[in-house]
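Here is a short set of exercises to work through with the model open beside you. Try each task before you read its solution.

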Amino acid sequence: MNRSIPRRGLLAGGLAATTLPRIARAQGRPIRIGVLTDMVGAYAANTGQGSVVGARLAIEDFARQHPDLKVELVSADLQLKPDVAVGIAGDWLDNQGVDLITDVPLSSAAFAISDMVKAKNKAAIFNGAASAEITGKHCGPNHLHWTYDTWSMPHAVVDATVKEGGNSWFFITADYAFGHSLETDAANFVTTAGGKVLGQAAAPFPGTTDFSSYLVQAQASGAKVIGFANGGSDTVNCIKQSAEFGIQKGGQKIAGLLFLIHDVHGVGLASAQGVLLTEPFYWNMNDGTRAFAKRFAVLMPGNVPGSVHAGQYSAVTHYLKACLAIGAENAKASGRAVIERMKATPTDDPLFGKGWVRKDGRAIHNMYLFEVKSPQQSRQPWDYYTLKRTVPGDEAFRPLDQGGCKLAQS
């Protein structure tokens, strides 16, 4: 496996990669940001090259205002394997001068990398990883959790579904850290709202494409709602196959607990219509999100930015503001110092709006409850959502004192 830094990366300020030695002699090496993502696996549509583009656009925008801060962007495919992810991260930090690792859509890898950046005093901002334990038992002074998590995503969906009569649930769960965390948080919301969990089935991850045996169990359970505690193409396959089994026509509801716009696209409106879901970003929300989507489409033709892609933009923007505030050399010397500055400074960008970063490393911003449109309601490509409710940031994420993070006690 080639773990060297790809030279398709970007140098802020429009400088070619071949000019790097001259820059290094004049100003010291650039700040290096590594996007560790899923390029071809189950989460590629929601993360992948779009995550690289989100970071790239943030760097480009920052460079226009602050051309003296030199930044290099690099990327790699973690192949949805924790050992591969850890190997790449270690090589980046030890040999390639990477200062910040972002995205990492694999919670088990995020846990390990959070320990790594703490030991080496570098920084990580997790966007694609979802386990709420990243800012719970696995919190630390050198990493943040930005876009969403397994507490915030099912929270509004479960509450709305139970209130509409869906008070008995069966879960189909991706059998690794993320899936179990998503199921646990969702199940707690079900019982807190007065509902019952009738059972669950754990599907091996990665590699499961046929969910028929798990769907048969869910169907036989008699649960009013089948919750898919998985993501990406796994959720897409579950929803498509549930339609083939006639589950929705039989009266059972389905809930994608981490169901994002590219998953909706993969399922199609005919099958996904009426599904409730939570996201922190929608490309067609306002003028700022639409302007970003237009720029994104130039680099990703026929595509729109999803929440993780926008989260990359938001997180990298805030990181670069902190680097500028404490100075590039100080930022490269101490990832912890950058993270502390990010926590001390309110967040503000055109995609996620105003917010803040808590002591435990959780980025706080609004979340939105959407309903998927029918094909007849959609007026243009990717016009998929109707806004049902805005969940304010201080309600959207797990309370600080409930996560078990030691940093929250300081």
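**Exercise 1. Aromatic pairs**

Task: Find how many aromatic pairs the structure holds, then classify the one formed by tryptophan 151 and phenylalanine 189 as stacked, tilted or edge-to-face.

Solution:
- Start with the total: this predicted model holds 16 aromatic pairs.
- Next, take the two rings of tryptophan 151 and phenylalanine 189, whose centres are 5.0 Å apart and whose planes make an angle of 80 degrees.
- Planes over 60 degrees apart count as edge-to-face, and the pair of tryptophan 151 and phenylalanine 189 is indeed edge-to-face.
- Finally, place the partners along the chain. Tryptophan 151 sits in the loop between strand S6 (143–145) and H5, and phenylalanine 189 belongs to helix H6 (residues 177–192). The pair links distant parts of the chain, 38 residues apart.

**Exercise 2. One helix, two partners**

Task: Describe how helix H2 (residues 48–65) packs against helix H12 (residues 307–326), and then against helix H11 (residues 287–299).

Solution:
- Two packed helices are described by the angle between their axes and the distance between the axes, so look for those two values each time.
- For H2 and H12, the axes come within 7 Å and cross at roughly 35 degrees. The crossing is right-handed.
- Now list the residues that touch. Among those on the H2 side are Gly50, Gly54, Ala58 and Phe62, and the H12 side includes Val308, Tyr313, Thr317 and Lys321.
- Sorted by class, the contact of H2 with H12 has 10 nonpolar, six polar and two charged residues.
- For H2 and H11, the angle is about 115 degrees and the axes lie 10 Å apart. This crossing, too, is right-handed.
- In this contact, Gly50, Val53, Gly54, Arg56, Leu57, Glu60, Asp61 and Arg64 of H2 meet Phe292, Arg295, Phe296 and Leu299 of H11.
- The class count for H2 with H11 is five nonpolar, two polar and five charged.

**Exercise 3. Two pockets**

Task: Which elements give two or more residues to the lining of the largest pocket, and which to that of the second largest?

Solution:
- The largest pocket has a volume of about 310 Å³. Of its 15 lining residues, Lys253, Ile254, Gln273, Gly274 and Val275 are the closest to its centre.
- The elements to name here are helix H5 (152–163), strand S10 (253–256) and helix H10 (269–272). S10 gives the most, with three residues.
- By class, this lining has six nonpolar, six polar and three charged residues.
- The second largest pocket has a volume of about 160 Å³. Its lining includes Ala58, Asp61, Phe62, Tyr313, Thr317, Lys321 and Asp348.
- The elements to name for the second largest pocket are H2, H12 and strand S12 (347–349). H2 gives the most, with four residues.
- Its lining splits into four nonpolar, three polar and four charged residues.

**Exercise 4. Closed spaces**

Task: How many cavities of 30 Å³ or more are there, and which residues lie nearest the centre of the largest cavity?

Solution:
- The count comes to four cavities of 30 Å³ or more.
- The largest cavity has a volume of about 120 Å³.
- Its lining has 16 residues, and Tyr43, Gly128, Tyr148, Phe178 and Leu258 lie nearest the centre.
- Check the classes: the lining of the largest cavity has 10 nonpolar and six polar residues, with no charged ones.

**Exercise 5. Backbone exceptions**

Task: Is the peptide bond from phenylalanine 205 to proline 206 cis or trans, and is the phi of glutamine 79 positive or negative?

Solution:
- Begin with the usual case: most residues other than glycine have a negative phi, and most peptide bonds are trans.
- The bond from phenylalanine 205 to proline 206 is cis, with omega near -10 degrees. You will find proline 206 in the loop between strand S8 (196–203) and helix H7 (212–221).
- Glutamine 79 is not a glycine, yet its phi is positive, at about 60 degrees. Look for glutamine 79 in the loop between strand S3 (71–77) and helix H3 (82–95).

Technical notes. Residues numbered from 1 in each chain as written. Predicted model: local features only at pLDDT ≥ 70, side-chain atom pairs only at ≥ 80, totals over all residues. Heavy atoms only, no water. Axes fitted to C-alpha atoms, helices over the stretch in contact; angles between N-to-C directions. Left-handed = near helix turned anticlockwise from the far one by under 90°. Contact = heavy atoms within 4.5 Å. Nonpolar A, V, L, I, M, F, W, Y, C, P; charged D, E, K, R; others polar. 1 Å grid on protein atoms, 1.4 Å probe; cavity = no way out; pocket = protein on both sides within 12 Å on 5 of 7 lines; lining within 4 Å. Points joined across faces, edges and corners; volume = space filled by probe spheres on them. Phe/Tyr/Trp six-rings, centres within 6.5 Å; stacked < 30°, edge-to-face > 60°.
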